[in-house]
Amino acid sequence: MIEANGWHAKRLAPTDAVLPTGKLLARRLLISGVLIGGVLTGTATLTGCSQTPAAKPVLKVSGAYLPQPPMADMAAGYFTVTNTGKAADELTGVTSEFASDVSMHTATQAGQMQDAASLHIPADGKLVLSTGGNHLMLMGLRKKPMVGEKVSFELHFAKSSPITVQVPVEPATYQPPED
Ligand SMILES: [Cu+2]
């Protein structure tokens, strides 16, 4: 804050030289006012920072699984992202070595799938991907995933660093435990 105002004052100085004296004085007073105001604001901001750190999302991924698909062309993926932070985040995409194309889908009331560019993760809340709701759709599979194998997903977020999860392949009839 203080440094930034110092820089402003320096930048304004050449302009002052070409102003008539009256205006120059007014400008000088204005600059002093800005400096004093800036210093006070800066102090307040610093104090505020040390007391309440900036809110940010704190994410954890759990319950990931991939039901063994009937064919090798397509699979679905499910997981829960829990946010214990005080700021929301967005799941902006998922990648996997195992599939050339991973898209995020939501399900409408009518049961139709829609592509989602991102999925919202509320502050102090959860994003749930589950059968009949939000899900991942994996296309261009390297091979048909079999029960007992694991595939890796990399989750990308608007604010948080990417999270890699090892996702077990479960039987097609698998029901995840409630969490
Ligand atoms: Cu889908």
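**Exercise 1. Find which residues Ala158 touches, leaving out those up to four places away in sequence.**

Solution. Leave out the residues up to four places from Ala158 in sequence; the contacts that then remain are Asp89, Glu90 and Thr92. Keep in mind that this is a predicted model.

Next, place Ala158 in the fold: this residue sits in the loop that links strand E9 (150-157) to strand E10 (163-170).

Finally, look at Ser118. Along the sequence, Ala158 and Ser118 are 40 residues apart, yet their C-alpha atoms are 9.0 Å apart in space.

**Exercise 2. Decide whether Ala158 is buried, partly exposed or exposed.**

Solution. Start with the count: 13 other C-beta atoms lie within 10 Å of Ala158. Now bring in the cut-offs: buried needs 20 or more, and exposed means 12 or fewer. The count of 13 falls in between, so Ala158 is partly exposed.

For the wider picture, the protein has 179 residues, and 18% of them are buried.

**Exercise 3. Describe the order of the elements and say how far apart in sequence the contacts reach.**

Solution. Count first: there are 2 helices and 10 strands. Then read from the N terminus, where the order is α-α-β-β-β-β-β-β-β-β-β-β. Now take the contacts with a separation of 6 or more: 71% of these join residues 24 or more positions apart.

**Exercise 4. Work out where the pLDDT is below 50.**

Solution. Begin with the whole protein: its mean pLDDT is 81, and 70% of its residues reach 70 or more. Residues 1-19 are below 50, and this stretch has 16 contacts beyond near neighbours in sequence. Residues 29-47 also stay under 50, with 12 contacts beyond four places in sequence.

Notes. Residues numbered from 1 in each chain as written. Predicted model: local features only at pLDDT ≥ 70, side-chain atom pairs only at ≥ 80, totals over all residues. Helix = DSSP H or I, 4+ residues; strand = E, 2+ residues; numbered from the N terminus. Contact = placed C-beta atoms within 7 Å. pLDDT = per-residue confidence, 0-100.
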